[in-house]
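Hi,

Here is the structure I said I would pass on. Have a look at it first, and then read my notes below.

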Amino acid sequence: MTETIDKTALLQFLLRMGDNTLILGHRVSEWCGHSPVLEEDIALANTALDLIGQTQLWLDYAAEVQGEGRTADDLAFLRDAWDFRNVLLVELPNGDFGQTLMRQFLYDAWASIMLGRLQKSADERVREIAEKAAKENAYHVERSADTVVGLGDGTEESHARMQAALDYLYPYVGELFESDATDAAMAEAGIAPDPASLRAEYDAFVGRVMAEATLTIPEKAYVHRGGRSGTMHTEHLGHLLCTMQWLQRAYPGCQW
Amino acid sequence: MYAQMVKSTGKGVKTREEMSEDERAFQDKIDADTKIEPRDWMPEEYRKTLVRQIGQHAHSEIVGQLPEGNWITRAPTLERKMILLAKVQDEAGHGLYLYCAAETLGVSRDDLTEDLLSGKMKYSSIFNYPTLNWADIGAVGWLVDGAAIMNQVPLQRTSYGPYSRAMIRICKEESFHQRQGYDIMMKMAQGSPEQKRMAQDALDRFWYPSLMMFGPSDKDSVHSAQSMAWKIKINTNDELRQKFVDQTVPQAEYLGLSIPDPDLTWNEETGHYDFTEPNWQEFFDVIKGNGPCNTERMNDRTRAWEDGRWVREGLMAHARKKAARTAAE
Ligand SMILES: [Fe+2]
Ligand SMILES: [Fe+2]
Ligand SMILES: [Fe+2]
């Protein structure tokens with residue numbers, strides 16, 4: 001990577017990637033021991049584990065780029081909500097199992113396209129992380145797509161619940177494809193694609209899965225934004241951080 | 001030990017003369033360490049006892065996710081969070097292996113689950129204790145998984161093939177759990193004064209409940225005698241408890257923590273530690289449902305099962321539709 005790359009932009013990009021996986025991994029881990037079937041307990045714990053593993057890689061790199069001697073743990077446990085850069089979608093509460101899996105699919109579908117592009121990044125480190133994450137994501141997206149189809153095209157009740165989940169979550173999808181100056185700088189440097197350029201592929205993929213699931217994608221959905229720019233998170237994030245960061249905040253400077 | 005007070009025939013072990021021809025042939029196989037496989041003939045009471053034991057063990061793995069799951073969202077570092085997630089995932093996997101082993105004896109996982117939720121079947125008393133500070137996660141790995149290993153290592157040689165094979169897979173993972181738990185205790189015991197306090201507090205609360213995991217003394221129990229003759233129980237509860245104490249005391253000393261037993265002493269003559277028995281009244285209270293967390297644990301599992309009904313039904317309905325569509329093509 002050349003020294004001319006805008007460090008601030010690169011840091012923002014890495015935080016966006018790492019915060020998405022951190023917050024989503026946290027949400028998924030809340031299911032532990034409470035799933036509808038044992039196989040799902042195992043699969044959800046596994047998904048959370050993969051996502052936290054990816055977080056470690058993204059935030060390690062972010063801390064390095066930041067160059068202030070901090071660690072991935074410092075970034076995860078010692079930033080307040082306004083410094084988080086995840087999309088709003090991943091911080092929304094789990095709701096029922098259907099809502100959790102719908103959120104997972106909407107994220108996984110985006111991640112599968114994003115990680116595919118990042119494997120061609122001009123930044124070697126980004127390429128390596130994306131390669132590892134893409135392998136894990138391939139399994140996640142297959143599973144979440146299958147579950148969305150199974151429950152959408154299941155009973156009347158499961159169909160209704162999945163449609164309600166899609167209606168609730170879809171307004172949070174648009175933020176994944178927003179472009180700003182950070183994205184322009186990343187695209188310019190060949191590090192990451194312009195998010196808007198992923199949209200057509202995403203729509204085609206999600207459209208196919210929802211059709212199979214007999215679910216209707218809301219038309220002209222409003223776009224809630226403010227997570228990846230950090231300008232306005234939901235109220236949910238603060239509570240999530242209270243839980244996640246509690247030990248590090250209550251007993252600062254300890255080894256765990 | 002995840003299976004406590006498993007009832008057997010309650011009649012005492014039959015002499016060879018009292019046995020039928022089938023029973024004699026069966027006992028000969030067991031005495032020769034030949035594994036019993038699902039299709040082999042077996043006494044009905046052997047099958048029933050095994051279902052109770054394996055089922056109780058499986059339920060313990062499942063309910064055991066809860067006290068540890070209680071700290072996943074609060075784990076203090078990304079690495080600790082990953083280790084804990086992996087551990088809890090392993091425990092769910094253990095539950096799965098064990099339910100599969102029970103299925104080979106003709107009971108479905110759903111039947112066993114219903115029996116757990118109706119209170120007909122039990123799970124280990126240990127999971128009715130709360131995890132109150134982060135060191136509890138260390139203590140659970142060190143002591144609870146440690147006690148489980150004590151019991152499960154000999155069960156790798158148990159007479160029932162599918163159970164024995166499940167135990168072999170499980171034991172490999174349990175030793176990781178114990179090491180990781182001890183590693184947390186080490187960090188805490190060497191940490192700040194508050195961390196040390198958490199570590200000691202965890203040991204104080206988990207010591208006696210861990211000793212209870214082996215169950216009350218069964219040296220005179222007819223149930224245990226039969227189970228031992230069938231090699232579905234290998235050691236007495238007292239033997240395993242003693243082994244556990246002997247192993248754990250030096251580990252606690254190494255951590256600089258004190259075991260909450262003023263009468264704990266090394267006995268030169270026996271070559272073992274003398275120790276105070278746990279309060280067995282408390283144990284029976286917990287088994288009856290009056291432990292600190294029984295209600296929460298059962299509520300959690302019941303809610304998971306009830307709230308998950310629409311998911312299970314939805315996925316099954318979809319599978320049927322798919323099969324019908326394939327058949328129509
Ligand atoms: Fe286990
Ligand atoms: Fe265990
Ligand atoms: Fe374990």
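**The iron site and some surface features**

Along the sequence, the residues that donate to the iron ion (ligand 1) follow the spacing E-x29-E-x2-H-x79-E. Before going further, please keep in mind that this is a predicted model.

Which atoms hold the iron ion (ligand 1)? The protein donors are OE atoms of Glu61(B), listed twice, together with OE of Glu91(B), ND1 of His94(B) and OE of Glu174(B). Their distances from the iron ion (ligand 1) run from 2.0 to 2.8 Å. There is a second metal to look at as well: the iron ion (ligand 2) sits 3.2 Å from the iron ion (ligand 1).

Two of those donors deserve a closer look. Glu61(B) belongs to helix H2 (residues 44-63) of chain B and Glu91(B) to helix H4 (residues 78-103) of chain B, so this pair ties together parts that are 30 residues apart in sequence. Are they buried or exposed? Both Glu61(B) and Glu91(B) are buried, which here means under 20% relative accessible area.

Now for the charges on the surface of chain B. A patch of negative charge is formed by Glu103(B), Asp110(B), Asp111(B) and Glu114(B). Helix H5 (residues 109-117) of chain B gives the most to the negative patch, with three residues. Asp111(B) is in that helix, H5 of chain B, and has a relative accessible area of 44%, so it is partly exposed.

There is a positive patch too, where Lys7(B), Lys11(B), Lys48(B) and Arg52(B) come together on the surface. Arg52(B) is part of helix H2 of chain B. With a relative accessibility of 31%, Arg52(B) counts as partly exposed.

Finally, a couple of backbone angles you may want to check. Lys220(A) is not a glycine, yet its phi is positive, at about 45°. You will find Lys220(A) in the loop between helix H9 (199-212) and helix H10 (235-250) of chain A. Lys220(A) is exposed, and its relative accessible area is 82%.

Chain B has a case of this kind in Lys231(B), a residue other than glycine with a positive phi near 55°. Lys231(B) is in the loop that runs between helix H9 (222-229) and helix H10 (237-255) of chain B.

Cheers

Definitions and conventions
Residues numbered from 1 in each chain as written. Chains lettered and ligands numbered in written order. Predicted model: local features only at pLDDT ≥ 70, side-chain atom pairs only at ≥ 80, totals over all residues. Heavy atoms only, no water. Patch = residues over 30% accessible without salt bridge, like charges linked within 9 Å, V, L, I, M, F, W, Y side chains within 5 Å. Areas by Shrake-Rupley, 256 points an atom, 1.4 Å probe, with all protein chains shown as cover. Salt bridge = Lys/Arg side-chain N within 4 Å of Asp/Glu carboxyl O. Lys, Arg positive; Asp, Glu negative; His and termini not counted. Charge placed at Lys NZ, Arg CZ, Asp CG, Glu CD. Helix = DSSP H or I, 4+ residues; strand = E, 2+ residues; numbered from the N terminus. Buried < 20%, exposed > 50% of the residue type's maximum accessible area, 1.4 Å probe, protein only.
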